[in-house]
Amino acid sequence: MNIVVCIKQVPDTETQIKIASDGKSIETDDIKWVMNPYDEFGVEEALVLQKEKGAEVTVVGAGPQRVTEALRTALAMGADKAVLIEDDDFYGADPITVAKVLAKAIEPLNPDIIFFGQRAVDDDSGVVGSAVAEFLDMPQLSVVTKVEVGDGTVQAHRPVEGATLVLESTLPCVITAQKGLNEPRYASLPGIMKAKKKPLEVISLADLGVERDDKLEIVALNPPPERAPGKQVEGETGQEIAINLVKLLREEAKVI
Amino acid sequence: MAENTILKGGAFILEPGNVEICFTPEDWSDEHRMIYKTTMDFVNNECMPHVEKIEAKNEEFARQLFATAGELGLLGTDVPEEYGGLGLDKMSTCVVTEAMGTAPSFAVSHGAHTGIGTLPIVYYGTKEQKEKYLPDLAMGTKIAAYCLTESGAGSDAVGGCRTKAVLSEDGKHYILNGEKIFITNGGWADTFIVFAKIDGTDFTAFIVERDFPGVSSGAEEKKLGIKGSSTTPVIFEDAQVPVENMLYERGKGHHIALNVLNIGRYKLGAATLGGIKGALGIATRYAKDRQQFGRSIAEFGMIREKLARIATQAYMAESVIYRTVGMIDASLEHVDRADPDYPAKASEAIREYAIECAMCKVFGSEVLDYTVDECVQIHGGYGYTAEYPAERYFRDARINRIFEGTNEVNRLLIPGETIKRAMSGKLPFMQAATNLLGEIMEYSPLMVELPDEPLALQEHMVGMCKKAVIFVAGVAAQKFMMGLAQEQEVLARMADMTIETFALESGLLRAKKAIAKLGEEKAALYIQFVEAYLDETIPKIETWAKQALAYIEEGDDLRTQLVGLRKLLKYQPINAIAVKQAIADMVVEKNGYPLG
């Protein structure tokens, strides 16, 4: 059994994001990069299957050289090999372009299951997994919190408003992981040392025969509006404060 | 890094600094960075959410933490692979130790277990002893402790040791009697490294298991801080220790005790770094959140200067510690691992850097204390309550100036060891002192022309600080001769001058490396750290030197020496307030240590 996990490298959620001078991208100079947290669920699920079914796990990422770090982390967690599609200008690419590139790179790996995070925490587009399924003509089980692999089939759970949808599909298929699927393991120190010796293949867009043809463009990136400062309600007595509060709620906040 | 160039221990004061062989945190490998992340994840996910349980000294939970840490490899970096560890470089151990340093109390439990509890067996154990004990210690299924201190044997650990070992009549056991105190992990440990005098004379180490007859631990100490770690007396009443559990050789316990302490000291330096960065982080976030006079207090100059000072000192501590570990790793590369005598040779190679190890310990623990003190201050009244973590950081930090050799003992070691090496001809110190006396007469700061490049002034001053150290040491040695060892106040000032000069140079070399790699603009913060620290430190060095000279000499001799000293340390202050304002901007923006 072959399992592929696609990994996106995203800014650490604790990093303070600064908008670059072009007004439509972020400053990437000083950022700490990590593996997209939803992708970690995909890696963990793949590693469970690696142990249960003897599956071989390949992690695939695209972007500049620094993406290697996220791939190495997955190798340290226990993945068997990695592929980096190296391209300096890939961060922020049209998700459909990303999917095309990934599909091209994944196809020769002959996967039975392709895991994605259900979305990336940076741009929140949530498109790439579905688009890869489409390009590879595979069924897609999206936003799942439980996966059970049978003989040539897979069952997965998707939480929907107050209920659980149980899906079944034949293999090969695409699965996108939702929070709750599992608890991703740490990259242990023995794992980190082993990862050093695991194969990491670097290929280019040219190797894949794909040319960038982005149809979607980010035109502007706006920071969230600054929160207005709080207001202390004045008054000598409790009664007075209550009156002033009601007044403010009515006249300023206009909620009553 | 030029691996074949090895700096002799203590030699930095006599030689110009070499950027090429100065290891910096920026030289961490990908693996080091991943090890750091894994350890931080362990601390943030397994320790931080359970502070209350840890503080309550919950043994079961502590064992669980050890087991999880063991599984992740966080206990095995120094244990060879054939005994269930990872056998990594010292840098990896320090990376783990630094990250673990942020963990409340468990930092100390972990440090005692992996360091003084495990290393004596790693370095001095027989093959059988290693096979028997190391795998469990590396996996965390067993906990280790180190029993050296007694009520009458603190800093004078060897001389004051009263625990006795006597061979049993059948020759199968040593019978141990005595009481050790302040034993970290004392209430939990399964194996103890115990020092005792065979027949009351030969200071010797033993591996003692808790289950051996006659071994028990006393009540938990009620401590000021690190309340979540176990600290108890360990009592030996006719304790039966099989003869094969003697560690290394009879009468050679002091080799183990002293060498393991060298390692313990640079490791402790790394652990304090974790605490420093942790406390700076909470202080910064609090300062940003706290509003007074309608503004965040992180906008106020006096708060900002505190944040900038802490960050600057953190940079220096980091530079000192990783430079030292880099020296040790470079030196260990020249010791053949296949050599049957490897452990003894390796610990000898580490001993070479006893001076640097002591500096890591003193500098790190004092920066930490400054940090946690200001962290409470920034929190104001809330910092004094247990509701905020600043209070715990403040209490937990204090022990670091006491254990692994008090800072006083470590201060004495710095000039003491330097003088010893000078006397034996290992360091050409006397020659340098004699040359300097002639040089000073001719020297005029007016003749100095500095190149037009960043940090040129600071580089010049670091060179002058070294001369000031040699100058004072030379004058003191000439005056007191062998009696210098008794002049502790002079030695303390020599130690402080040495430590600060080492810190300055380590920070400087690191900044120069950063400039070479990133360019002046992107290395601005490194440059600012060195500028700010040097500006605050030169007056201190000059004061210590003056005080020492005024004690040693008087009259015309003193006047001549003070003129010489003033020439050496002539320094026109820079606009350090503006530099610190720039540093504070970065600290506030990054929510803490800005190079982390």
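Buried means under 20% relative accessible area, exposed over 50%, and partly exposed in between, with a 1.4 Å probe and protein chains only. The structure is a predicted model, in which local features need pLDDT of at least 70, side-chain atom pairs count only at pLDDT 80 or more, and totals for chains, interfaces and linings use all residues. Residues are numbered from 1 along each chain as its sequence is written, chains are lettered from A and ligands numbered from 1 in the order in which they are written, and side-chain values use heavy atoms, with hydrogens and water left out.

**Exercise 1.** Classify the ring pair B:Tyr124 and B:Tyr248 in geometry, location and burial.

*Solution.*
1. Rings of Phe, Tyr and Trp (its six-membered ring) pair if their centres lie within 6.5 Å; planes under 30 degrees apart are stacked, over 60 edge-to-face, and the rest tilted.
2. A search of the whole structure gives 19 aromatic pairs over all chains. One of chain A is A:Tyr38 with A:Phe41, edge-to-face at 6.1 Å centre to centre and 65 degrees between the planes.
3. For B:Tyr124 and B:Tyr248 the centres are 4.7 Å apart and the planes stand at 65 degrees, so this pair is edge-to-face.
4. The pair links distant parts of the chain, 124 residues apart: B:Tyr124 belongs to helix α6 (residues 119-124), and B:Tyr248 to the loop between β8 (246-247) and α8 (253-289). Helices (H or I, at least four residues) and strands (E, at least two) are DSSP runs, numbered from the N terminus.
5. B:Tyr124 has a relative accessible area of 7%, so it is buried. B:Tyr248 is at 26%, and therefore counts as partly exposed.

**Exercise 2.** Determine which rings A:Arg66 lies over.

*Solution.*
1. A charge sits over a ring if NZ of Lys or CZ of Arg is within 6 Å of the ring centre and within 35 degrees of the ring normal.
2. A:Arg66 lies over the face of A:Trp33, at 3.5 Å from the ring centre.
3. A:Arg66 also lies over the face of A:Tyr91, at 5.5 Å from the ring centre.

**Exercise 3.** Assess chain B against the globule rule.

*Solution.*
1. The radius of gyration is taken over C-alpha atoms, and the rule is 2.2 Å times the number of residues to the power 0.38.
2. For 596 residues a compact globule would have a value near 25 Å; chain B has 24 Å, which agrees.
3. The C-alpha atoms of chain B fill a box of roughly 80 × 60 × 45 Å along the principal axes.
4. Of the 596 residues, 58% count as buried.
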